[in-house]
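Colleague: Could you walk me through how the protein meets the DNA in this model? I'd like to start with the chain elements and then look at individual atoms.

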2 protein chains.
Amino acid sequence: MRRDVFQAIADPTRREIINLIAYKALNINSVSDHFEVSRAAIYKHIKILTECGLLEVKQKGRERYCEARLEKLDEVTTWVEQYRKTWNDRLDNLEEYLNNLQNK
Amino acid sequence: MRRDVFQAIADPTRREIINLIAYKALNINSVSDHFEVSRAAIYKHIKILTECGLLEVKQKGRERYCEARLEKLDEVTTWVEQYRKTWNDRLDNLEEYLNNLQNK
DNA sequence: TATAAATGAAACCTTTTGGTTTCATAATGG
DNA sequence: CCATTATGAAACCAAAAGGTTTCATTTATA
């Protein structure tokens, strides 16, 4: 299985899970309470997030708490940002072009 | 079908296509020349990228040129960056903790 | 200690993905 | 005008994804 961050955040449910636990660790049942699908389905999403390092699970008695490990999202930022200069330049060119049109 | 930017960039081949055309528009055959898989497969990837707005196709005679429309990647940046403060705070805390350890 | 709660994991199913081959169609270049 | 080039699109396929139900195991707790 491919288990990279890009694939992990491709699924909307997983993005919601990340959002849920971003500010407060929750145990697995609490996470799944927020969704319509079964606990087993959510469990699988959590497993995927764990496997790609976006989430860490910590045992606490019979519960297991999910903590976000969002540093891994840096990989995404890095990939996206490498193109920012290019697309900003293009937007600048468009702006310039429109300004020229207007000044005629 | 889901056709959002997150899903579009989940596939490594599609990320490579984006990279290929980021700085220079290429026609569909030229794009597919860079890959092992068939032209038909690449064509489908291009279609997906087009449908979610990351790519625009412009006819030029019998050829069709693919241009990157990377502004759409902003959606990804926005989503990721909403968490940056949190994870930076956590890293700061860790750093502080380590400094305290060292100073003892 | 017996029951309930929280989780792990297997078996199974349907839909989506990513790929293929094949054929049709529209411009181009001799 | 005809062969070639560039592309669109259909039919089909295997594997992966996302989901379900069911059952086992571990830990708390009345």
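Modeller: Happy to! Helices here are DSSP runs of at least four residues, numbered from the N terminus. Please keep in mind that this is a predicted model.

Colleague: Which element gives the most to the surface near DNA strand C?

Modeller: Chain A brings helix H3 (28-33), helix H4 (39-51) and strand E3 (63-68), each giving two or more residues. H4 of chain B is also among the elements that do so. With 4 residues, the top contributor is H4(B).

Colleague: Which base or phosphate atom of DNA strand C does B:Lys44 of that surface approach?

Modeller: B:Lys44 is one of the residues that come nearest to the strand, along with B:His45 and others. Its polar side-chain atom lies 2.4 Å away from its partner, which is a base oxygen.

Colleague: And how far is B:Arg14 from a phosphate oxygen of DNA strand C?

Modeller: Sugar and phosphate make up 65% of the strand's atoms that come within 4 Å of the protein. For B:Arg14, a polar side-chain atom is the one involved, and its distance to a phosphate oxygen is 3.0 Å.

Colleague: How are H2(B) and H4(B) oriented to each other?

Modeller: B:Arg14 also belongs to the contact between these helices, as does B:His45. Their axes come within 10 Å and cross at roughly 75°. Angles of 65 to 115 degrees count as roughly perpendicular, so H2(B) and H4(B) are roughly perpendicular.

Colleague: How many nonpolar residues does the contact of H2(B) with H4(B) have?

Modeller: H2(B) brings residues including B:Ile17 and B:Ile18, and H4(B) brings B:Leu49 among others. Beside 2 polar and 1 charged, the nonpolar residues number 6.

How values were computed
Residues numbered from 1 in each chain as written. Chains lettered and ligands numbered in written order. Predicted model: local features only at pLDDT ≥ 70, side-chain atom pairs only at ≥ 80, totals over all residues. Heavy atoms only, no water. Axes fitted to C-alpha atoms, helices over the stretch in contact; angles between N-to-C directions. Parallel < 35°, antiparallel > 145°, perpendicular 65-115°, else oblique. Contact = heavy atoms within 4.5 Å. Nonpolar A, V, L, I, M, F, W, Y, C, P; charged D, E, K, R; others polar. Near = heavy atom within 4 Å. Polar contact = N/O pair within 3.5 Å; in protein donor to acceptor, adjacent residues only side chain to side chain.
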